[in-house]
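Work through the following exercises with the model open beside you. Each one sets a task and then solves it step by step.

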Amino acid sequence: MEKTLAGRTALVTGSTSGIGLGIAQLFAEAGAKIMLNGFGKPEEIAKARAEVGAAMGVAEAPYSGADLSKPEAVREMVAAAEAALGSVDILVNNAGIQFVAPVDEFPEAKFDAIIAINFTSNFHAIKAALPGMKQRGWGRIINIASAHGLVASPGKSAYVAAKHAVVGLTKTVAIEVAQTQITCNAICPGFVRTPLAEAQLPALAKQYGVSEEVALKDHLLEHQPSKRWIEVEEVAHMALYLCGPGSGGVTGAALSIDGGWYAN
């Protein structure tokens, strides 16, 4: 693969599985040095570090287990990445959690946690990473929002609020750094094929008394006209484009990759 990110460094949050791991792996294959972050079983984290490390040509990728619900932990994570990699040229804010319930039944602690991890951590990470980017005269900030950063669904008040806020923060940061070589963009995926997403299908099929295939197309992907999963690799390649040659004029964008959901 062409080493379009040779000499660059990247911190990718929520990168021990799913979308974040896919982005980290592709960035490493494109020549970047990566720091991973996220929760998970020790063996899963070790596997992710080894896979990304192999693409980097080292035994294992650097890793931070920072709890992104804590602002100080986010700042310490960015500092640790700068120490381990020499800089943070690329920041990918990907970490996120979900909980579904009607507003009047939504547990307040769950709401606060979703806002903290899915949105507020982005602010703290960007604030910590921007001074170094400005000093070096180059940077790429990518916030993984969601189709729910552009549209709403019932039962997801915290998630929708957080992802809409991520899109707004993205636009503000982009304007503030518009006359530099730093860009800030949001990627807004629809339903992406990850182990966590696929795990929803058996319960959904049981709920509606249908096959998992029907549950996927008619219920989970009800608003996604393509009626297919978005693949992790598709999101990762969009992120890679935003960091590579020819992407400098793209900033403040909320880029849909949702099988036509937002076109409805």
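Helices (H or I, at least four residues) and strands (E, at least two) are taken here as DSSP runs, numbered from the N terminus. This is a predicted model, in which local features need pLDDT of at least 70 and side-chain atom pairs count only at pLDDT 80 or more, while totals for chains, interfaces and linings use all residues. Residues are numbered from 1 along each chain as its sequence is written, and side-chain values use heavy atoms, with hydrogens and water left out.

**Exercise 1. Describe the overall build of the protein chain.**

Step 1: Count the elements; the protein chain holds nine helices and seven strands.

Step 2: Compare the radius of gyration (taken over C-alpha atoms) with the globule rule, which is 2.2 Å times the number of residues to the power 0.38. The protein chain has a radius of gyration of 18 Å, close to the 18 Å that the rule gives for 264 residues, so it is as compact as a globular protein of that length. Along the principal axes, its C-alpha atoms fill a box of roughly 55 × 40 × 35 Å.

Step 3: Ask how much is covered, where buried means under 20% relative accessible area, exposed over 50%, and partly exposed in between (1.4 Å probe, protein chains only). Of the 264 residues, 48% count as buried.

Step 4: Turn to contacts, meaning heavy atoms within 4.5 Å. Among those between residues at least 6 apart in sequence, 71% join residues at least 24 apart.

**Exercise 2. Determine how many disulfides the model contains, and examine Cys184 and Cys188.**

Step 1: Apply the criterion that a disulfide is a pair of cysteine sulfur atoms within 2.5 Å; by this rule the count is zero.

Step 2: Check the distances. Cys184 is in no disulfide, and its nearest cysteine sulfur, that of Cys243, is 11 Å away. Cys188 is likewise in no disulfide, with the nearest cysteine sulfur, that of Cys184, 12 Å away.

Step 3: Check the surroundings. Cys184 has a relative accessibility of 0% and therefore counts as buried, and Cys188 is buried too, with a relative accessible area of 0%.

**Exercise 3. Locate Ile257 and list what it touches.**

Step 1: Ile257 belongs to strand 7 (residues 254-257).

Step 2: With a relative accessible area of 13%, Ile257 is buried.

Step 3: Leaving aside residues up to four places away in sequence, Ile257 touches Ile187, Cys188, Pro189, Gly190, Ile230, Glu234, Val235 and Met238.

Step 4: For a distant pair, take Ile257 and Glu44, which are 213 residues apart in sequence and 27 Å apart in space, C-alpha to C-alpha.

**Exercise 4. Explain what is unusual about the backbone of Lys227, and state where it sits.**

Step 1: Most residues other than glycine have a negative phi.

Step 2: Lys227 has a positive phi of about 55°, although it is not a glycine.

Step 3: Lys227 lies in the loop between helix 8 (212-220) and helix 9 (232-243), and because its relative accessibility is 29%, it counts as partly exposed.

**Exercise 5. Set sequence separation against spatial distance for Gln179 and Glu213.**

Step 1: Gln179 is in the loop between helix 5 (157-176) and strand 6 (182-189), and at 84% relative accessibility it counts as exposed. Gln179 and Gly190 are eleven residues apart in sequence and 31 Å apart in space, C-alpha to C-alpha.

Step 2: Glu213 is placed in helix 8 and is exposed, at 55% relative accessibility. Glu213 and Leu201 are twelve residues apart in sequence, and their C-alpha atoms are 8.5 Å apart in space.
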